[in-house]
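Please look through the structure shown here before reading on. The text that follows takes it step by step.

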Amino acid sequence: AAQLYRAGATVVLACRSVERGAQAAKDIQRAGGGNSAEYAGCGTLEVEALDLGDLRSVQRFAGALRARHPTVDVLVNNAGMLIRDAYDGPRWTPQGYDITFATNYLGHFLLTALLLPALAAASGPARVVNLSSVKHWVGHEDLAACFQTSMGSDGASLPGAVKD
């Protein structure tokens, strides 16, 4: 985000916590520009609420972003989480998916899909950059458990699922 900002881009920080996002924006501005002659061409920073674990939040964010920015040149999907014993937040999304699966995969997929028209409208080749971590090396997830509340015992109650 800081490098894109210093290069003159409009950077939208989509954050679950707008307060922490605003602090990150201040840190980026302080470290990379503001009134510095070296970075006189700095872009702009915007902070918007986005909870990738809640697909309705993703839909709201994408709609608002496309209304303000009809073109998107670069989309960087850089959010993730891994539930551990110290985590005391929700384990399931409002839509019934495992919070880790929804935040790390479903939210990014939906956001990218909803922003495809804005990416296609870019003046040059647009880019989607998906980042991840090595946390998957320590995980041993039962994929069926990710759908515990939205999949029946026959596996066919998940939207789009096909019963054999």
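The paragraphs below go from the whole chain to single residues.

The model is a predicted one. The protein has four helices and four strands. Read from the N terminus, these elements follow the order α-β-α-β-α-β-α-β. The protein is 164 residues long, and 32% of them count as buried. Its exposed surface comes to about 10400 Å², with 54% of that supplied by carbon and sulfur atoms. Contacts can also be sorted by distance along the sequence. Taking those between residues at least 6 apart, 70% join residues at least 24 apart.

A good place to begin is strand β3, which spans residues 74-77. The side chains along β3 alternate: L75 and N77 point to one face and are buried. V74 and V76 point to the other face and are not buried. Which strand pairs with β3, and in what sense? The partner is strand β4, residues 127-130, and the two strands pair in the parallel sense over four bridges. Within this pairing, L75 has V128 of β4 as its bridge partner.

Both of these bridge partners are also met from helix α4. T112 lies in this helix, which covers residues 99-120. Setting aside neighbours within four places in sequence, T112 is in contact with L75, N77 and V128. With N77 there is also a polar contact between the side chains, at 3.1 Å. Is T112 buried or exposed? Its relative accessible area is 16%, and because the limit for buried is under 20%, T112 counts as buried.

N104 is another residue of helix α4. The C-alpha atoms of N104 and N77 are separated by 9.2 Å, while the two residues are 27 apart along the chain. Leaving out neighbours within four places in sequence, N104 is in contact with A79, G80 and M81. M81 belongs to the loop between β3 and α4. M81 counts as buried, at 14% relative accessibility. Beyond four places in sequence, the contacts of M81 are with Y87, I99, T100, T103 and N104. M81 can also be placed relative to S132: the two are 51 residues apart in sequence, and their C-alpha atoms are 9.9 Å apart in space.

Helix α4 also holds an aromatic pair. How many aromatic pairs are counted in total? The count comes to one. The ring centres of F101 and Y105 are 5.7 Å apart and the ring planes stand at 40 degrees, so the pair is tilted. F101 and Y105 are four residues apart in helix α4, which means that about one helical turn separates them. Their accessibility falls in opposite classes. F101 is buried, with a relative accessible area of 17%, whereas Y105 is exposed, with a value of 51%.

The next residue is V58, in helix α3, residues 55-68. V58 is buried, and its relative accessible area is 0%. Not counting residues up to four places away in sequence, V58 touches L50, D51, L52, G107, L110, L111 and L114. One of these, G107, is 49 residues from V58 in sequence, yet the C-alpha atoms of V58 and G107 are 6.6 Å apart in space.

From here the text turns to strand β2, residues 44-49, where E46 has its place. The side chains of E46 and R68 are joined by a polar contact of 3.5 Å. R68 is also among the residues in contact with E46 when neighbours within four places are left aside; the others are T10, V11, V12, L13 and H69.

Last come the cysteines. How many disulfides does the structure hold? The number is zero. A disulfide is a covalent bond between the sulfur atoms of two cysteines. C15 is buried, with a relative accessible area of 17%. C42 is buried as well, at 19%.

To go back over the path in the model, start at β3 and its parallel partner β4. Then find T112 in helix α4 and its side-chain polar contact with N77. Continue to M81 in the loop between β3 and α4, and from there to V58 in helix α3. End at E46 in strand β2.

Technical notes
Residues are numbered from 1 along each chain as its sequence is written. This is a predicted model: local features need pLDDT of at least 70, side-chain atom pairs count only at pLDDT 80 or more; totals for chains, interfaces and linings use all residues. Side-chain values use heavy atoms; hydrogens and water are left out. A disulfide is a pair of cysteine sulfur atoms within 2.5 Å. Buried means under 20% relative accessible area, exposed over 50%, partly exposed in between (1.4 Å probe, protein chains only). A polar contact is a pair of N or O atoms within 3.5 Å; within protein, one must be able to donate a hydrogen and the other to accept it, and residues adjacent in sequence count only if both atoms are side-chain atoms. Contact means heavy atoms within 4.5 Å. Two strands pair if DSSP finds at least two bridges between them. Rings of Phe, Tyr and Trp (its six-membered ring) pair if their centres lie within 6.5 Å; planes under 30 degrees apart count as stacked, over 60 as edge-to-face and the rest as tilted. Accessible areas come from the Shrake-Rupley method with a 1.4 Å probe; for residues, only the protein chains shown count as cover.
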